Amino acid sequence: MGIKGLTKLLADNAPKAMKEQKFESYFGRRIAVDASMSIYQFLIVVGRTGMETLTNEAGEVTSHLQGMFNRTIRLLEAGIKPVYVFDGKPPDLKKQELAKRYSKREDATKELTEAVEEGDKDAIEKFSKRTVKVTKQHNEECKRLLRLMGVPVVEAPCEAEAECAALCINDMVYAVASEDMDSLTFGAPRFLRHLMDPSSKKIPVMEFEVAKVLEELELTMDQFIDLCILSGCDYCDSIKGIGGQTALKLIRQHGSIESILENINKDRYQIPEDWPYQEARRLFKEPNVTLDIPELKWNAPDEEGLVQFLVKENGFNQDRVTKAIEKIKFAKNKSSQGRLESFFKPVVSTSVPLKRKDTSEKPTKAVANKKTKGAGGKKK
DNA sequence: ACTCTGTTTCGAGACGAT
DNA sequence: TGAAACAGAGT
DNA sequence: ATCGTCC
């Protein structure tokens, strides 16, 4: 998923569009996160050794709950206000991509079976990870957990990445955190990579601003979308022999895919037949998203509910859960003062302290968009 | 020399005790 | 799944 | 910083 080679393309051609940021600098900010992506990572890595995973008494996996719980607490403790966005129905154009993944999992499942028969531990380790699939149940359990934690959940009509971008475009969140570069293609004004990494590893948070990307590439948003399609996206094939570099050249030279098609040597470059690039473009430009969502609120945790769900139903350690709940409450008090306080302490560089009234995401009290209010026109 | 393609290989959480 | 590092082939 | 554990 994502756009092939876009990270490198931007690093080479638009280095100023990304800047390192401190994890701490997001104190008080609302950040949209693609939930399914996180769950997928958790299932792969949390508590897995070979085919062993974390499970409750019923034998159901709990890795996603463990991961989601800890990570969310970590975010809240940093004063960040996460909004988890869940996937809806994928667009038809993505079906083939999904089919591809499905068959890959099938292959991996077979190879896993063989590895088990042969007792090849390394192979078991390797292939079991590739058979991971996020199910409806994983998603529902995480929604339940997050709601109990007092963290808002958004159900996207279609692609979560697109919904995240829409939330950001409409100032309902400050930025989108993802590892998936197509957040930019969906137009997310601010896009954060490696948000979680600085703690465990020493990779800094990378912040991309789509406006700067366009400025530095000297492209319009429409042209950037075409560039992404040519580079290779989830929705359709790309042209053999054209990668990021030449795609950028061609777009700069001709301005659009249509114009490129009119001007390039079709003997040299094989254009895929039935190439739905226009459909792909439409999915990026006018994705199926909704702003008709409940007001984003970060509530106090439901302590009894969390104990019931995590301890009683899923075998979590009572003490750990209790301590975690205390962390949430403490973090909530601390951050309920919002970014205001942070204006006095850390001297932010020249970045984006409080240009617009974007601290509107703070309980400045008063106004606050009552339910889906601010949704209005702005689309498109 | 440059660019794209294909292959391979690796890594992907977070906590707390030590 | 991706992304980085490498080899290979086409221009 | 490393390593076992989380369920």
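**Two DNA strands at the surface of chain A**

In this predicted model, a polar backbone atom of Thr55 sits 2.8 Å from a base oxygen of DNA strand D, a polar contact being a pair of N or O atoms within 3.5 Å; within protein, one must be able to donate a hydrogen and the other to accept it, and residues adjacent in sequence count only if both atoms are side-chain atoms. Local features need pLDDT of at least 70, side-chain atom pairs count only at pLDDT 80 or more, and totals for chains, interfaces and linings use all residues. Residues are numbered from 1 along each chain as its sequence is written, chains are lettered from A and ligands numbered from 1 in the order in which they are written, and side-chain values use heavy atoms, with hydrogens and water left out.

Thr55 has company around DNA strand D, where the surrounding residues include Gly47, Leu54, Gln66, Phe316 and Arg320; a residue is near a strand if one of its heavy atoms lies within 4 Å of it. Backbone atoms appear again at Asn314, with an N or O atom 2.3 Å from a sugar or linking oxygen of DNA strand D, and at Asn317, where such an atom is 2.9 Å from a phosphate oxygen of that strand. The surface near DNA strand D divides into 2 nonpolar, 7 polar and 1 charged residues. Here Ala, Val, Leu, Ile, Met, Phe, Trp, Tyr, Cys and Pro count as nonpolar, Asp, Glu, Lys and Arg as charged, and the others, Gly among them, as polar.

Turning to DNA strand B, 18 residues surround this strand, and Arg71, Arg74, Lys129, Gly243 and Thr246 come nearest. Sugar and phosphate make up 67% of the atoms of DNA strand B within 4 Å of the protein. Polar side-chain atoms of Arg71 and Arg74 lie 2.9 Å and 2.6 Å, respectively, from a phosphate oxygen of the strand, while a polar backbone atom of Gly243 is 3.0 Å from a phosphate oxygen. Helix H3 (63-77) gives the most to this surface, with 4 residues; helices (H or I, at least four residues) and strands (E, at least two) are DSSP runs, numbered from the N terminus. The residues near DNA strand B comprise 3 nonpolar, 9 polar and 6 charged.

Chain A as a whole contains 16 helices and 7 strands. Its mean pLDDT, the predictor's confidence in each residue from 0 to 100, is 87, and 89% of its residues reach 70 or more. Over residues 344-380, however, the pLDDT is below 50. Where pLDDT is low, the predicted coordinates should not be read in detail.

How values were computed
Contact means heavy atoms within 4.5 Å.
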